[in-house]
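Here are a few exercises to work through with the structure open beside you. Try each task before you read its solution.

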Amino acid sequence: AAMFLNYPISRPGFEVVTRLTNPMAVRDGMDHTQFWLVEEDLDNTYSIMQYTSGKFLQALASGSEHWQQDHVCVVRSVDMDATVTTQRWFIQRIEGSDSQVEVRLVHAE
């Protein structure tokens, strides 16, 4: 597990970080670490896969009193168990937004 400097609470590792697109020194100049593939699953839920790692967005709802460990979004390998919902998400439009790409992700569990 990762640790904060000057703070002894461990983190789960592979936390999700979103940031603005930055030019990269690659052939197409795109930062592919910020690309996500979205696919519809069961019951109007979606799985969200990080493009370069092939890992899926997952919520860790540990109930911890420490913010570094409670309700953290991470990327993990796919969980093939159809009953597991930790990697499923509802995608909702943001009320009042004119953007077609700005959405709210709600954990399906």
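**Exercise 1. Place Thr86 in the fold and decide whether Thr86 is buried or exposed.**

Start with the location: Thr86 sits in the loop that links β6 (70-76) to β7 (89-93). Keep in mind that you're looking at a predicted model. Next comes the accessibility. Thr86 has a relative accessible area of 17%, and the cut-off for buried is under 20%. So Thr86 is buried. To finish, look at what Thr86 touches: leaving out residues up to four places away in sequence, the list is Leu57, Gln58, Ala59, His107 and Glu109.

**Exercise 2. Work out how strands β3 and β4 are joined, and find the bridge partner of Leu37 in β4.**

First, the strands themselves: β3 covers residues 36-40 and β4 covers residues 46-50. They run antiparallel, with 5 bridges joining them. Now zoom in on Leu37, which is part of β3. Its bridge partner in β4 is Met49.

Then widen the view to contacts. Setting aside neighbours within four places in sequence, Leu37 is in contact with Ser47, Ile48, Met49 and Tyr51. Take Ser47 as one of these: Leu37 and Ser47 are 10 residues apart along the chain, and their C-alpha atoms are separated by 8.2 Å.

Last step, the accessibility of Leu37. The relative accessible area is 41%, and exposed would need over 50%. Leu37 therefore counts as partly exposed.

**Exercise 3. Which residues in the loop between β3 and β4 have a positive phi although they are not glycine?**

Begin with the hairpin of β3 and β4, which has 5 residues between the strands. Asp43 belongs to this loop, and so does Asn44. Now check the backbone angles. Asp43 isn't a glycine, yet its phi is positive, at about 50°. Asn44 isn't one either, and its phi is also positive, at about 60°.

How do the two fare for accessibility? Asp43 comes in at 67% relative accessibility, so Asp43 counts as exposed. Asn44 has a relative accessible area of 55%, which means Asn44 is exposed too.

**Exercise 4. Which residues form a nonpolar patch on the surface, and how much accessible area do they have together?**

The members are Val38, Ile91, Val103 and Leu105. Together they have about 290 Å² of accessible area. Pick Val38 for a closer look: Val38 is found in β3. At 48% relative accessibility, Val38 falls short of the over-50% cut-off for exposed, so Val38 counts as partly exposed.

**Exercise 5. Sum up the whole chain, then say where its mean pLDDT is lowest and highest.**

Count the elements first: there are 0 helices and 8 strands. Read along the sequence, that gives β-β-β-β-β-β-β-β.

Move on to the surface and interior. Of the 109 residues, 25% are buried. The accessible surface comes to about 7900 Å², with 55% of that belonging to carbon and sulfur atoms. As for contacts between residues at least 6 apart in sequence, 35% join residues at least 24 apart.

Finally, the confidence. The mean pLDDT of the chain is 79, and 85% of the residues reach 70 or more. Among the elements, β1 (residues 2-4) has the lowest mean, 48, and β3 has the highest, 93. Where pLDDT is low, don't read the predicted coordinates in detail.

Definitions and conventions:
Residues numbered from 1 in each chain as written. Predicted model: local features only at pLDDT ≥ 70, side-chain atom pairs only at ≥ 80, totals over all residues. Heavy atoms only, no water. Helix = DSSP H or I, 4+ residues; strand = E, 2+ residues; numbered from the N terminus. Buried < 20%, exposed > 50% of the residue type's maximum accessible area, 1.4 Å probe, protein only. Contact = heavy atoms within 4.5 Å. Pairing = 2+ DSSP bridges. Patch = residues over 30% accessible without salt bridge, like charges linked within 9 Å, V, L, I, M, F, W, Y side chains within 5 Å. Areas by Shrake-Rupley, 256 points an atom, 1.4 Å probe, with all protein chains shown as cover. Salt bridge = Lys/Arg side-chain N within 4 Å of Asp/Glu carboxyl O. pLDDT = per-residue confidence, 0-100.
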